[in-house]
Structures are given as C-alpha cells and as structure tokens.
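Trainee: I am new to this structure. Please take me through one pair of packed helices in detail.

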Amino acid sequence: MLSQSEILLRLVAGALLGATIGYEREARARAAGLRTHLLVGLAGATFMVLSTEFSYWQGDSAAAKYVDPSRIAAAVVAGIGFLAGGAILRTGVSVRGLTTAAGLWLVTAIGLCAGSGMYLTAGSVTLLGLVALAVLRFLEDNRARRRLTIELSSNADAELQRLEEQLDGLEVSLEVISHERKIGHDAQQVLILEVRGNSDRLEQVVERLCSADGVRSVCLSRLHEAS
C-alpha cells in the first residue's frame, strides 16, 4: 500500500511533467495546449495509481479476486487514441496536428511512468520530448523545401501580380521551376515553384493561395533531390 503523500507526489509529478510538454504546444498556438496536456498527464498518473492500488482498497471483495487491475493501464494506451485523433485537422492540402497528437500519446506514457513511481524515467522522457518538439523543430524548419503547383484560371499577367501580393510578407523563398500557359477556350496557366520556409509559413502560403481570386487549385508536395 502506498502512503497518501506518495500517491499525491505521483499525481503532481504526472500533472507537472505533462504541463511541461503542454507549455511548448501552447507557445506554438496548437489546439491542445497547457491545460489539455496537464490533464492527460494527471489522468495517466491517476489511472496508474488506481491500477496499482485497486486490489488493496477492495480488500477481500469479489471484485479484487476476479478483476485484473493491470488492464486499466493497458486500456489507457488504447483510449488516448480517440483524444489524440481529435487534434488532427486537414486544411486544404495540408494535415495539421500530427505532432500534437503524438505529444498527447507521449504525455500519457509520462503520466503512467509517474503514476508507477518511475520519476527518473518520466523526467527523462519529458526532456527528450522537449528536445524533439523544440530543438529538432529548428532543423526541420530550416530544411523545409517543397514543390508548389498552382493552377490559375486565366492567362492574364494581372493574376500573377495579385498572386505576388497574396504572398507578400510571409518570409518564404520562391523560385519558379516552370511556367506553362494554355491558350484556348479554357485559358489557364500553371506555375510550378520551389518554396523554402518553415512549416508554419508554408501552411500560410497554401491558405492564402487557396483563398486568392483566379486560383483553381494548389498542391504542396515534397521536392525530391535529383540523384
């Protein structure tokens, strides 16, 4: 049997470590922020404490004899998928929230570790999670290089000028790979650009282009290097 102070320590540890990951997500203005991650970490720790202490508090009752408390913790791992799935959003051609969903899954594991008294493991995983979210993000942003294919509904040069105005101030680097004009009844032009910038900026580029007049379609894809 755990003392009440030890149980409280485990719960507080799970909540605080979860909040640490949540603070980074909050700073990035993600859908799941400080409070959500704190609650997930606290819930994970609570379920783990319940799992370890269930038999003792039930005494000699039938529930203690026929119920496997370890299944509580196992169900938490499966159940967090429903919550994490709600953080994933599709906007146009881009998908957002995958990292936040993975972070919620990680915080659940941290909470379970804290709830089982594995403080060093919980703290180490939290630190590694922050490195992945904060430090490695800069490497990912600096390497972000994508192919942007834009189909315009007109051959007019004014369309290109309005397009430039839409992208002004987004701090991305654009380089034209090809520019094809189609003349006929259904006149149009197709631009293929190489775009560089951090992930947030690239998402803003797609959002602005999708809302621009005369733009039929926008496709953002990986630009593969020639071997």
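Mentor: Here is a short tour, from the whole chain down to one helix pair.

This is a predicted model. The protein chain has 8 helices and 6 strands. From the N terminus, the order is α-α-α-α-β-β-α-α-β-α-β-β-α-β. The chain counts 227 residues, and 36% of them are buried. Take the contacts with a separation of 6 or more: 69% of them join residues 24 or more positions apart.

Now the pair. Helix α1 covers residues 4-27, and helix α5 covers residues 98-115. Their axes lie 8 Å apart, at an angle of about 160°. Angles over 145 degrees count as roughly antiparallel, so that is the label for α1 and α5. Their crossing is right-handed.

Which residues make the contact? From α1 come Arg10, Ala13, Gly14, Leu17, Gly18, Ile21 and Arg25. From α5 come Thr99, Thr100, Val107, Ile110, Gly111, Ala114 and Gly115. By type, the residues of this contact split into 6 nonpolar, 6 polar and 2 charged. Glycine is counted with the polar ones here.

Last, a word on cysteines. A disulfide is a covalent bond between the sulfur atoms of two cysteines. The structure holds 0 disulfides. Cys113 has a relative accessible area of 17%, under the 20% cut-off, so Cys113 is buried. Cys219 is at 38%, between 20% and 50%, and therefore counts as partly exposed.

Key:
Residues numbered from 1 in each chain as written. Predicted model: local features only at pLDDT ≥ 70, side-chain atom pairs only at ≥ 80, totals over all residues. Heavy atoms only, no water. Disulfide = S-S within 2.5 Å. Buried < 20%, exposed > 50% of the residue type's maximum accessible area, 1.4 Å probe, protein only. Axes fitted to C-alpha atoms, helices over the stretch in contact; angles between N-to-C directions. Helix = DSSP H or I, 4+ residues; strand = E, 2+ residues; numbered from the N terminus. Parallel < 35°, antiparallel > 145°, perpendicular 65-115°, else oblique. Left-handed = near helix turned anticlockwise from the far one by under 90°. Contact = heavy atoms within 4.5 Å.
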